[in-house]
Amino acid sequence: MRNYLLLLAAAGCSRPAPPPESSMAVSDQIDTRGEPSDTGWRPLLDESAAAWRGYRSDRLPAGWQVVDGALTRVAKAGDIVTREQFQDFELTLEWKVAPGGNSGVFYRVIEAPELKWPWQSGPEAQVLDDAGHRDGARPETSAGACYGLYPVPRGVARPAGEWNEMQIVVQGSHVEHWLNGRRVVAYELGSAEWEERVGRSKFADLPSYGRATRGHIALQDHGDWVAYRNIRIRDAAPRP
């Protein structure tokens with residue numbers, strides 16, 4: 001924990017000020033003890049991983065295990081979701097992938113009978129080894145991107161085997177992705193721009209994609225080793 005606190009402190013020294021239009025520079029406010037705090041943060045991970053289950057399942061697949069305090073995909077398992085659903089929130093976590101690794105964090109995921117995967121309903125914050133995976137060649141599929149829709153700047157993600165700090169903010173239709181202290185993506189669900197981008201993407205024929213106003217957080221099993229730790233969430237105030 002001491003090393004993690006030092007890492008956060010070092011990152012805070014170099015973090016640029018958030019853009020004026022954003023009200024979500026919350027990384028400095030995280031309760032790093034891993035306990036609920038008076039700022040509203042509460043953990044989504046403990047040694048039992050009781051907050052998680054398989055997508056469209058009541059049990060956590062055996063291929064997801066808590067290893068050294070991190071929820072880790074150690075074998076074929078399938079995607080997992082939070083037992084609880086969320087509407088407007090701030091989610092923070094750290095992730096680490098193997099060389100060439102691929103995963104993702106989804107939000108407002110639903111489990112309608114016609115849906116087989118979380119990505120068919122929930123937008124994704126990409127988790128990726130940019131240098132070792134082919135998706136890293138395109139900004140809109142690189143680490144931190146809203147997968148396939150909104151690109152990220154280069155040079156923000158850390159290499160495979162290193163922890164990356166991610167934050168996802170959802171307030172009504174407004175969404176922000178933060179990676180290693182930088183806001184890398186911001187968009188409005190349902191806006192004309194959003195609809196245009198979705199319409200020319202692989203999500204165009206998915207009527208449930210990005211439409212739910214409440215749903216689960218999901219972590220993707222893309223077939224690669226990935227670990228998530230320090231997963232915390234709190235309710236977000238309505239955006240002015």
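Y150 is buried in this predicted model, since its relative accessible area is 5% and the cut-off for buried is under 20%. This tyrosine sits in the loop between β8 (124–128) and β9 (164–171), and the charged end of R197 sits over its ring, 4.2 Å from the centre.

So which ring does Y150 stack with? That would be W194: the two planes are at 15°, under the 30 degrees that counts as stacked, so the pair gets that label. The contact ties together distant parts of the chain, as W194 belongs to helix α2 (residues 192–199), 44 residues apart from Y150. W194 is buried too, with a relative accessible area of 0%.

W194 also pairs with Y209, and with planes at 5° that pair is stacked as well. Here the link runs from helix α2 to the loop between α2 and β12 (216–219), where Y209 sits, 15 residues apart from W194. Both W194 and Y209 are buried.

Here are the two stacked pairs side by side:

| Ring pair | Centre distance | Plane angle |
|---|---|---|
| Y150 and W194 | 6.4 Å | 15° |
| W194 and Y209 | 5.8 Å | 5° |

Zooming out, a search of the whole structure turns up eight aromatic pairs. Ring pairs join W119, Y150, Y187, W194, F203 and Y209 into a cluster. Like Y150, which has R197 over its ring, cluster member W119 has a charge over its ring: the charged end of K202 sits there, 4.5 Å from the ring centre.

Methods:
Residues are numbered from 1 along each chain as its sequence is written. This is a predicted model: local features need pLDDT of at least 70, side-chain atom pairs count only at pLDDT 80 or more; totals for chains, interfaces and linings use all residues. Side-chain values use heavy atoms; hydrogens and water are left out. Rings of Phe, Tyr and Trp (its six-membered ring) pair if their centres lie within 6.5 Å; planes under 30 degrees apart count as stacked, over 60 as edge-to-face and the rest as tilted. Helices (H or I, at least four residues) and strands (E, at least two) are DSSP runs, numbered from the N terminus. Buried means under 20% relative accessible area, exposed over 50%, partly exposed in between (1.4 Å probe, protein chains only). A charge sits over a ring if NZ of Lys or CZ of Arg is within 6 Å of the ring centre and within 35 degrees of the ring normal.
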